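Trainee: Please take a close look at the salt bridges in this one with me, and then at what surrounds them. How many salt bridges does the count come to?

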Amino acid sequence: MRTFSYVALFRRAGTTLELSKAMTPEKPDRPGGPPTTGGQDAAIVFATQVGMVIFGLAIQSLLAYTLLPEGRGSFALCVVFAGVLSVLFAPGAQQGAQYFVMTKQATVSEAVGTALAICLVAGALVVALTAPFVHSDVAFFHKAETRSFYLALALVPVMAFSGAMEYQLAGLRRFGYLAVFALVHVAVNILVLLLLLWAGRLGVDGAVAAAVGAHACTVVLCAWYLRRRHGLVLTHPFRAVSARIVGYGLRFHPAGIGGVLEMSTGVLILGLFASQAEIGLFATASALMFRLRMISDAVGNALLPRIAGSGRPELTTLCLRVVSCGTAAAILAVLAISTPLVRILFSKAFLPAVPLLWIIAPGVLAYACAGILGTYFKGIDRPGICSWAASLGLAANLIAIPVLYPVAGVSAAAWGLTLGMICRLVLLAVAFASTTRMRWLSIWLPRPGDAVSFWRACRAALGGG
C-alpha cells in the first residue's frame with residue numbers, strides 16, 4: 001500500500017514563525033476543485049484513519065472471536081504471504097506511478113496503465129514461481145489449508161493494484177474521495193466476513209476471500225473516480241514512461257520490500273517453527289499497536305505532494321515533531337488500558353498478547369517517525385536511502401528473532417520488530433541530518449511555535465469543513 005501544509009521558519013530559538021504561505025489554500029489538482037490547505041488535507045486523512053481504526057478493530061475482533069488464536073494464525077500467514085508477494089513482484093506499481101503523476105512527468109492514464117501491467121505480470125509470476133511450494137514439505141505451508149494459500153495467490157495482483165489506485169488518489173490530493181473509498185473497503189470487508197464466517201462457516205478461506213472482495217471493490221471505485229475526474233482511459237503506456245516508472249520503483253523497491261517484511265517478518269519466521277496459536281497472538285498484538293500509525297500516515301500522505309521535487313526540510317521537521325508527540329500520547333493511552341481492551345476486543349484467549357503490546361510500543365513510535373523522514377527522501381527523488389534504512393531494519397529483525405526465540409518464545413518476534421524499526425529510524429535520521437545540514441536539536445526538540453502551528457492548522461482544517 002506512506003501533512004500539514006505550513007512552513008515553520010524559526011530564528012533565534014524559534015521566536016519568529018511564518019505561516020502565511022502555508023495557511024493559504026493551494027491550487028487544486030483539477031479545474032473547479034476546492035482549494036485546500038495542508039491542515040485540511042491532513043484532517044481528512046486523519047479522520048479517515050480514525051474510521052479505519054474503528055472498522056479495522058471490528059474486523060480484528062470478528063476474526064478473533066470466530067477463528068480463535070489458531071485460525072487467526074493461519075489467516076495471518078495467508079495474508080502476510082500475499083502481502084509480501086504483492087510488493088516483491090510489483091516494483092513501481094505504487095510509489096513509482098504516483099511520483100511521476102505528482103511531478104507531472106506522466107498522465108494518470110499512463111501511470112495507471114503501467115501499474116496495471118506490472119500487477120498482471122506480478123500475478124502471473126507469483127502463480128508460476130510459488131504455487132509448487134504450496135505442496136512442498138516446508139512447515140510454513142502446513143499451518144493453513146492448501147486452498148487458503150491458493151486464495152492468497154489470487155489476492156496478490158488485486159492487492160497490488162488496489163494499492164496502486166489508492167496511491168494515485170493520494171498523489172492527486174483527492175483525500176475526500178480516498179476517505180470514502182477506504183471506509184467502503186473496510187465496510188465491504190466486514191459485510192463479506194459476516195456472510196462467509198458467520199453464515200457460511202468458511203473459516204480461514206472465507207476471511208481470505210473477503211479480503212479479495214474488499215480490494216476488488218477499491219479498484220472499481222478508484223477507477224470510476226479517475227475516469228470521471230481525470231480522464232482515465234485504458235491505454236498502452238508509452239515505453240519511455242513505463243521504463244522510468246519501473247526505474248523509480250526499482251530504486252525504491254528494497255525499501256518497499258523491507259517495509260512490508262519489517263511488519264511481516266515475525267509472522268513469516270514464526271510460521272517456520274512456532275504454533276498457530278503463537279502466530280495468532282503476535283499477529284493480533286502487532287495489528288492492534290500498528291493501528292496507531294494513523295497519525296504518521298495522515299501527516300505523511302498530506303506532506304508528500306507538497307514536498308515532491310522541492311524537499312522543504314523545515315516543514316518536514318515540524319511534521320516530525322508533531323507526529324512523534326501525538327503518536328507517543330496515543331501509545332501511552334492504549335497501554336494504560338491494554339488488558340481490558342484486549343479482553344473486550346479479542347476475548348480472554350488473547351490475553352497472553354498483552355505483554356507483546358508493551359514490547360512493540362517503542363517500535364511503533366520509531367515507525368511513525370521513520371515514516372515522515374522516509375516521505376522527505378521520496379519527495380526529493382532519493383528513495384534509495386529509504387531502501388538502505390529498510391534493509392538495515394529487516395536485517396536486525398531477521399537476526400533477532402531466531403536468536404531470541406529459544407529464550408523468549410513468541411516475545412522474540414516483538415523484540416525483533418521493535419529493534420528493526422529503531423535501526424531503520426536511526427539510519428534515516430542520520431541521513432536527514434547529513435542531507436539538510438540541520439542540527440539534531442533543531443530537528444527533534446519541540447518548540448513553542450509547534451503548538452501554534454498545530455493550532456492554526458487545526459483551525460484552518462475546521463474552518464474549511
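Mentor: First, the burial scale: buried is under 20% relative accessible area, exposed is over 50%, and partly exposed is in between, with a 1.4 Å probe and protein chains only as cover. This is a predicted model, so local features need pLDDT of at least 70 and side-chain atom pairs count only at pLDDT 80 or more, while totals for chains, interfaces and linings use all residues. Residues are numbered from 1 along each chain as its sequence is written, and side-chain values use heavy atoms, with hydrogens and water left out.

Now to your count: there are 2 salt bridges, each needing a Lys or Arg side-chain nitrogen within 4 Å of an Asp or Glu carboxyl oxygen. One of them joins Arg 293 and Asp 297, 3.5 Å from N to O. Arg 293 is partly exposed at 26% relative accessibility, and its partner Asp 297 is buried at 10%.

The other pairs Asp 205 with Arg 147, and here the N to O distance is 2.3 Å. Asp 205 belongs to helix α7 and Arg 147 to helix α5 (residues 146-171), so this bridge ties together parts that are 58 residues apart in sequence. Helices here are DSSP runs of H or I, at least four residues, and strands are runs of E, at least two, numbered from the N terminus. The two ends of this bridge sit in opposite burial classes: Asp 205 is buried with 14% relative accessible area, whereas Arg 147 is exposed with 53%.

Stay on α7 for a moment. That helix covers residues 203-230 and also holds His 215, which counts as buried at 15% relative accessibility. Leaving aside residues up to four places away in sequence, His 215 touches Leu 155, Val 158, Met 159, Ser 162 and His 185, where a contact means heavy atoms within 4.5 Å.

Phe 181 is worth a look too; you'll find it in helix α6 (residues 175-199). Phe 181 is buried, at 5% relative accessible area. Among its contacts beyond four places in sequence are Leu 169, Thr 218, Leu 221 and Tyr 225. The C-alpha atoms of Phe 181 and Tyr 225 lie 10.0 Å apart, with their positions 44 residues apart along the chain.

Leu 226 takes you further inward. With the same sequence cut, it touches Val 108, Val 112, Met 165, Gln 168, Leu 169, Leu 172, Gly 231 and Leu 232. Leu 226 is also one of the residues with the most contacts inside the largest nonpolar core, along with Phe 282, Met 289 and Ile 360. That core has 147 residues, and helix α2 (residues 38-88) supplies its largest share, 17 residues. A nonpolar core, by the way, is a set of buried Ala, Val, Leu, Ile, Met, Phe, Trp, Tyr and Cys residues joined through side-chain atoms within 4.5 Å.

To put the bridges in context, the chain comes to 17 helices and 0 strands, and of its 465 residues, 58% count as buried. Helix α3 (residues 95-102) has 8 of its 8 residues buried, so it is largely enclosed by the rest of the structure. Right after α3 comes Lys 104, with a positive phi near 60°.
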